[in-house]
Amino acid sequence: MEIVLYYAPIACSLVPFVTLTEANAKFAVRTLNFRKAQQKSAEYLQLNPKHKVPLLVVDGQPLSENVAIQIWIARNFPQARLLPADPWQELKAISLLSWCSSGMHPYLSRLNSPPRVCDLPGSEESVRRLAKEQLFENYKIADDMLSGREHFFDHSTAADAHFFWCFRRGSQFDLDLSQFASCSAHFERMKSRPSVQKLLAYEKSVQAEFSSAA
Ligand SMILES: N[C@@H](CCC(=O)N[C@@H](CS)C(=O)NCC(=O)O)C(=O)O
C-alpha cells in the first residue's frame, strides 16, 4: 500500500503526520508552499479541488478532510488504537475530531485571515475579536474535558493529535491562553511525544527549505 500525505507547515496536515507516525505507517510526504500558492496549482487542484491540506493519497486514491483521514488511519492501523475500541467511545472520539474540524478550525482560519470572511474596510479587528471569543468558548469546554486527565480518553488517540493542532494554532496568534491550564498541560505533554517531536523537526526543516528557496 502506497500512502502519500500532502502537507504544509503550520497547517492542520500535521495531524495525520502525527497519527501516521504514531501508527508506524510507512508514508511519503509531499510539501506544499502556501506562500507560493502551490495548493492552487493545476496539478494539486486535480487531486483536491478544495485546495486544502491534509490530503491523503492511498494507492493513487485521494482522501480529503481530516476526520475521514483520521478514521482511515485508525482503521488501517488498529494496533495504534487511534480511536477507542468501544463503539460508543469511538463515536465520542469521532465527535471530538468533527468538533476540532468544524467547531474550532473555522475560528482559527478567521484569526489568520479576517478578509476571507469579511472584506469591509475596518472590519478586521471585529472579525478577530469575535473569532477569539468563539474560539475561547470552545477552548474552555476542552479545558473542562481535559481537567485532571492526560488525554481525552484513557490513552492517546487521534482526538489528542487533532486538538493539539487546534491549540497550537491558537498559540501562534497574539492571544493569552494562560487561562486554559489543562489545555496548556495537554499541549506540553503532546509536544513531548516522539511522534510530535518528529513532526516539529520535520516542520522546521521544511520551513528552512522554503525560506532558502524564497
Ligand atoms: N475541513 C478541512 C479543512 C482543511 C483546511 O482548511 N486546511 C487549510 C490549512 S489548516 C488549508 O489547506 N488552507 C489552504 C487554502 O485554503 O487555500 C479539514 O478538516 O481537513
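Which side chain does the side chain of Asp154 join in a polar contact of 2.8 Å? I looked this up first and found His155. I note here that the model is predicted.

**Entry: Asp154**

I placed Asp154 in the loop between helix H5 (124–146) and H6. I then asked whether Asp154 is buried or exposed. Its relative accessible area is 68%, and exposed means over 50%, so Asp154 is exposed. I also looked up Pro84, which is 70 residues from Asp154 in sequence. In space the two lie 8.7 Å apart, C-alpha to C-alpha.

**Entry: the ligand**

How many residues surround the ligand? I found 14, and the closest are His51, Lys52, Val53, Glu65 and Ser101. I went through the distances to oxygen atoms of the ligand next. For His51, an N or O atom of the side chain is 2.8 Å from a ligand oxygen. For Ser101, the corresponding distance from a side-chain N or O atom is 2.6 Å. Arg116 has a polar side-chain atom 3.1 Å from an oxygen atom of the ligand. On its own the ligand has 510 Å² of accessible area, and the protein covers 86% of that.

**Entry: around Val53 and Glu65**

Two of the residues closest to the ligand, Val53 and Glu65, came up again when I checked the backbone. The peptide bond that runs from Val53 to Pro54 is cis, and its omega is near 5 degrees. Pro54 sits in the loop between helix H2 (42–47) and strand S3 (55–58).

Glu65 is not a glycine, yet it has a positive phi of about 80 degrees. I wrote both down because most residues other than glycine have a negative phi, and most peptide bonds are trans. Glu65 belongs to the loop between strand S4 (61–64) and H3. With 42% relative accessibility, Glu65 counts as partly exposed.

**Entry: helix H1 and Asn24**

How many of the residues of H1 are buried? I found 8 of its 9, so the helix is mostly covered. The buried ones are Leu14, Val15, Pro16, Phe17, Val18, Thr19, Leu20 and Thr21. Their cover includes S1, S2, S3, H3, H6 and H8.

Just after H1 I came to Asn24, which takes a positive phi of about 60 degrees. Asn24 is not a glycine either. I found Asn24 in the loop between H1 and S2. Is Asn24 buried or exposed? Its relative accessibility is 71%, so Asn24 counts as exposed.

**Entry: Gln70**

I looked up Gln70 in helix H3 (residues 66–76). Its relative accessibility is 1%. The cut-off for buried is under 20%, so Gln70 counts as buried. Which residues is Gln70 in contact with, leaving aside neighbours within four places in sequence? I listed Val15, Pro16, Thr19, Leu97 and Ala158. Val15, Pro16 and Thr19 are among the buried residues of H1, and H3 is part of what covers that helix.

**Entry: helix H8**

I turned to helix H8, which runs over residues 194–213 and has 20 residues. From its first C-alpha to its last, H8 reaches 29 Å, close to the 28 Å expected at 1.5 Å a residue. Its buried residues are Ser195, Val196, Leu199, Glu203, Val206 and Phe210. Why are they on the same side of H8? They cover an arc of only 85 degrees around the axis, which puts them there. I recalled the general rule: an α-helix has 3.6 residues a turn, so residues three or four places apart point the same way.

I then checked what lies against this side. The buried residues of H8 pack against strand S1 (3–7), helix H1 (14–22), strand S2 (28–31), helix H6 (158–171) and helix H7 (181–191). The face turned away from the buried side carries the exposed residues Pro194, Lys204, Ser211 and Ser212.

**Entry: Pro106**

My last look-up was Pro106, which lies in helix H4 (residues 87–112). Pro106 has a relative accessible area of 27% and is therefore partly exposed. Pro106 and Gln134 are 28 residues apart in sequence. Their C-alpha atoms are 10.0 Å apart in space.

Conventions
Residues numbered from 1 in each chain as written. Heavy atoms only, no water. Helix = DSSP H or I, 4+ residues; strand = E, 2+ residues; numbered from the N terminus. Expected span 1.5 Å × (residues − 1). Buried < 20%, exposed > 50% of the residue type's maximum accessible area, 1.4 Å probe, protein only. Arc of directions from axis to C-beta. Contact = heavy atoms within 4.5 Å. Near = heavy atom within 4 Å. Polar contact = N/O pair within 3.5 Å; in protein donor to acceptor, adjacent residues only side chain to side chain. Areas by Shrake-Rupley, 256 points an atom, 1.4 Å probe, with all protein chains shown as cover.
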